[in-house]
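Reader: I'd like a close look at one part of this model, the sheet towards the end of the chain and the helices around it. Walk me through it slowly, then tell me how it sits beside the rest.

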Amino acid sequence: MFFDSPPYQYPFIDPVLIFAFVMFLLALVPIIADWLKAPRIVFYIIGGAIAGPHVLNFLHRDQTMVLLGTVGLIYLIFLAGLQLDLNKFIKYKYQSLSFGLLTFLLPFGIGVGLGLWLGYSLFTALLMASLFASHTLVAYPIISRLGITKNMAMTTSVGGIIVTDPGALLVLAIVVGAHSGDISAAFWLMLTVSVAAYLAIIYFIIPVVGQWFFRNSKSGGAVEYGFVLAILFLCAYLAMVAGLEAIIGAFLAGLALNRLIPEKSVLMNRTKFIGEALFIPFFLLSVGMLVDISAFFTDVRTWVVAVTMIIAVVLGKGGAAYLSQYIFKFSKSESWTIFGLTVPQAAATLAVTLIAYDIGLFDDYILNGTIMMILVTCLIGPYVVEKYGKEVALAEDREPYDPSEAPQRILVPLANPETSDALMDISFMVRDTGSEEPVYPLTVARDGAGVESQVARGEKMLSHAVIHAASAETPVVPVTRIDFNVSKGITRAVNELRISSVVIGWNGEISTKQKIFGSILDRLLEEIDEMVMVCKIEDPVNTFERMVVAIPPLAALEAGFADAIRSLKLMAEQLGGDMVVVSTDEREQYVRSRIIKVKPEVPLEFSTIHSWIELPGWIEKNKKENDLFVMISAREGTLSWRPGLDRFPRVLSQRYPKLSFITVYPSEAEVEIDPKLGDTALTLLQEKRVRLHLEDGLSKEVLEQILRTDEELSEDKVDSIVRRLVESSADYKPEVMPGVLLFESHTSKVTRQKFFIGISKDGVNVEQSAHLVHIVMILVSPKDLSVDDHLRGLNSVVRLIRPGKIFEKIKNAESASEVIGTLKSIRQQNGLT
């Protein structure tokens with residue numbers, strides 16, 4: 001005999017057959033739901049009801065199904081805490097708490113009244129009301145799929161669960177204690193002490209343990225996921241020990257691990273995938289299996305109680321969502337989506353119902369009415385969220401276009417297998433969430449002997465990068481180039497693939513022959529204009545708690561500044577920490593205004609130093625163990641470049657060898673000049689303001705020589721302007737490239753913007769430059785000219801001269817007309833005038 005018993009029985013008892021049938025349901029339900037264009041969640045519940053003991057009787061809600069359903073419920077609430085935008089939650093914490101109170105008290109008040117109206121005791125009425133006051137985020141996977149989890153209204157409603165579910169369970173604890181006569185001072189003391197101890201573990205011990213684990217674990221995916229599960233269920237169990245429910249522990253565990261698992265990380269994708277594919281559907285099936293349809297055909301009172309309960313929860317949650325539209329200025333679509341998120345009842349509702357039924361406070365009518373309420377609200381909620389959540393997503397897509405939000409095409413040159421994952425993770429973080437552009441991992445093999453083995457090693461590294469990206473659900477296009485020169489190979493890939501950003505690694509090693517990072521990186525910075533992020537990462541990316549961004553004077557004027565800040569803000573948003581911006585006192589207001597305008601919104605803290613040379617001291621005094629330091633640098637010849645910027649990565653690497661830092665070189669792409677903003681540098685320049693054959697002297701004397709070419713300026717005005725120019729450059733050297741100085745100032749001594757150039761073929765010695773100075777440029781603006789117009793003019797001036805042929809032609813010019821003619825011809829050739 002092949003079988004000692006029939007191959008199947010109703011309900012199924014063979015564990016293999018049960019699991020196979022459930023897997024079949026999990027595969028079939030999404031197909032049917034997508035075909036009918038209905039929320040999958042609804043059909044999981046319906047599938048559980050049909051397959052359950054009260055209809056087809058294929059499945060019995062035994063201990064196994066209860067266990068898996070409980071795990072799914074805990075996992076669902078955990079994901080809500082894990083994916084919550086903590087920055088926005090903290091920013092709008094009072095709004096979340098206010099909404100939580102609103103969506104708790106309104107249904108609670110309605111529930112107490114209806115419970116008494118149905119003839120139940122006060123204790124029973126209070127417990128019925130607590131059913132309506134809580135809510136379960138059954139529809140959360142929908143807003144996650146629509147990409148609106150970080151919407152302020154969604155953050156507010158999700159954060160409200162911190163009030164509603166603990167509130168409902170607190171009512172349960174008080175009523176059960178009062179019913180059994182256990183309410184006393186000792187009861188309250190024990191509850192307070194245990195909850196306080198539990199919260200201390202969650203917020204002080206768990207994050208420290210998590211930091212330690214992720215910094216020291218080298219095992220990768222499976223071990224990291226196992227650690228997350230261990231923390232989740234440990235927190236859930238400790239919550240029950242403290243007198244709370246497991247779902248509260250799950251939510252708090254998600255919050256505790258929130259900053260350690262970035263949204264676009266491989267670990268987050270793995271955590272979401274397993275939950276949404278397995279655990280959460282089990283929970284939804286188990287809810288459906290509770291529905292006993294026959295009970296509604298045996299007694300009219302069952303219908304009365306069920307309909308009353310459904311009306312109470314819809315009125316209460318609907319009223320709270322409606323009021324939130326006016327109190328918090330949400331849109332109509334956001335208000336409806338909040339209603340859809342908060343109306344489903346399952347988690348705390350089931351906990352309260354089963355406990356109250358066991359101790360005799362709930363009868364069969366309330367039990368069946370609760371199951372019907374769970375089914376109906378779990379059908380209504382996802383449908384409403386699906387419908388109105390799409391409108392919220394579309395409204396966010398229709399927001400005004402910001403040039404800094406242009407899609408990025410990111411290239412990641414890989415050379416070291418040990419750092420490839422960190423570089424790929426950074427590229428995932430700086431990639432816009434809605435971007436359809438892939439990331440391009442690149443390996444370059446040097447042409448010549450052994451090129452085949454180099455290509456093979458590169459392909460192995462690219463294969464790993466592709467697998468890593470697939471785990472994070474990020475599209476990639478691996479690229480291989482063969483070239484005699486590695487930097488040329490990278491440059492060729494940048495041009496051929498129309499790359500906008502390059503994320504590249506640096507090992508921190510230096511030698512006296514290298515200029516900044518090394519021959520390859522230095523040449524790459526000279527050959528391309530696109531944004532480059534040079535990364536020296538010493539710790540796992542997800543362990544950084546704070547990003548410190550240093551902004552040199554004039555860096556905020558660069559054309560690519562907004563794009564660079566947007567990339568850093570996207571990364572800070574993923575890390576979940578604060579972004580601390582360090583700038584000089586003089587430029588702080590302008591830097592602040594520019595950074596605040598760039599999306600997305602992240603917690604910002606601004607710190608100032610009097611002079612740029614004070615930055616190393618600021619770092620020494622303020623750096624923390626889990627900081628990621630970012631330096632906005634500049635290429636030679638740009639407005640904000642100074643020799644000290646090139647030395648800074650070396651200084652950091654030598655002084656703090658374990659410090660993780662990124663040096664960002666913003667894009668130098670030319671931008672269109674708005675004629676409404678004023679004259680460009682070329683139209684400002686006149687022959688009478690060009691001084692040839694400068695003589696040696698202090699910077700003050702050189703400036704006087706140049707300014708005296710303008711007959712409109714008296715000696716007193718020249719002296720005043722020179723003093724102002726020298727003062728303005730005191731804490732930041734005016735050298736924009738070797739041999740070229742740029743001085744600028746606002747002054748009341750001129751009535752219109754003026755531009756001067758002084759030239760020395762042989763070069764003059766000026767104390768503010770380590771090189772012989774051949775070209776000195778001066779831009780002065782009247783006091784009534786806006787700061788933006790002055791800075792726009794400054795940006796135009798610095799782009800006139802570049803190292804190489806342009807510099808040589810200007811330096812060797814024999815007349816003022818030749819200087820102006822050279823500049824105009826070059827700019828016309830480049831299509832910039």
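**The sheet near the C-terminal end**

Author: Let's start with a small pairing: strand 12 and strand 13 (residues 740-747) run antiparallel and are joined by 2 bridges. Within that pairing, M737 sits opposite V740 of strand 13. Keep in mind that this is a predicted model.

Now step back to the whole sheet. It is an open one with 5 strands, ordered 11-14-15-13-12, and its pairing is mixed. Strand 11 (685-691) and strand 12 (735-737) are the edges; each has a single partner strand, so one side of each has no neighbour in the sheet. Going across, neighbouring strands are turned by 25° against each other on average, if you ignore direction. Helix 27 packs on this sheet, touching strand 11, strand 13, strand 14 (754-764) and strand 15 (773-782), and its direction makes about 65° with that of strand 15.

Helix 27 has another partner too. The axes of helix 27 (residues 699-707) and helix 28 (residues 715-728) come within 10 Å and cross at roughly 135°. The two helices are therefore oblique to each other, and the crossing is right-handed. What meets what there? From helix 27 you get K700, L703, E704 and L707, and on the helix 28 side V718, D719, I721, V722, L725 and V726. Sorted by class, the residues of that contact are 7 nonpolar and 3 charged, with no polar ones.

For context, here's another sheet. This one is also open, with 10 strands in the order 3-2-1-4-5-10-9-6-7-8 and mixed pairing. Strand 3 (479-483) and strand 8 (604-609) are its edges, each pairing on one side only. The twist from one strand to the next averages 25°. At the strand 3 edge, strand 2 (residues 439-446) runs parallel to strand 3, with 5 bridges joining them; there, A445 stands opposite I482.

Helices pack on this sheet as well. Helix 18 (residues 417-430) touches strand 1 (410-413), strand 2, strand 4 (501-505), strand 5 (531-536) and strand 10 (660-665), and its direction makes about 170° with that of strand 1. Helix 20 (residues 486-496) touches strand 1, strand 2, strand 3 and strand 4, at about 135° to the direction of strand 3.

Helix 18 also packs against helix 22 (residues 561-575), at an angle of about 105° with the axes 7 Å apart, which means the two are roughly perpendicular. I426, M429 and V430 of helix 18 meet S567, L570, M571, Q574 and L575 of helix 22. By class that contact has 6 nonpolar and 2 polar residues, and no charged ones.

A couple of backbone details may catch your eye. R498, in the loop between helix 20 and strand 4, has a positive phi of about 55° without being a glycine. The peptide bond from K599 to P600 is cis, with omega near 0°, and P600 belongs to the loop between helix 23 (588-597) and strand 8.

Finally, confidence. The chain's mean pLDDT is 82, with 91% of its residues at 70 or more. Residues 1-6 fall below 50, and that stretch has 0 contacts beyond near neighbours in sequence. Residues 671-679 are below 50 as well, with 9 such contacts in the model. Where pLDDT is low, the predicted coordinates should not be read in detail.

Terms used. Residues are numbered from 1 along each chain as its sequence is written. This is a predicted model: local features need pLDDT of at least 70, side-chain atom pairs count only at pLDDT 80 or more; totals for chains, interfaces and linings use all residues. Side-chain values use heavy atoms; hydrogens and water are left out. Axes are lines fitted to C-alpha atoms, for helices over the stretch in contact, and angles run from 0 to 180 degrees between N-to-C directions. Helices (H or I, at least four residues) and strands (E, at least two) are DSSP runs, numbered from the N terminus. Angles under 35 degrees count as roughly parallel, over 145 as roughly antiparallel, 65 to 115 as roughly perpendicular and the rest as oblique. A crossing is left-handed if the near helix is turned anticlockwise from the far one by less than a right angle, and right-handed if clockwise. Contact means heavy atoms within 4.5 Å. Ala, Val, Leu, Ile, Met, Phe, Trp, Tyr, Cys and Pro count as nonpolar, Asp, Glu, Lys and Arg as charged, and the others, Gly among them, as polar. Two strands pair if DSSP finds at least two bridges between them. pLDDT is the predictor's confidence in each residue, from 0 to 100.
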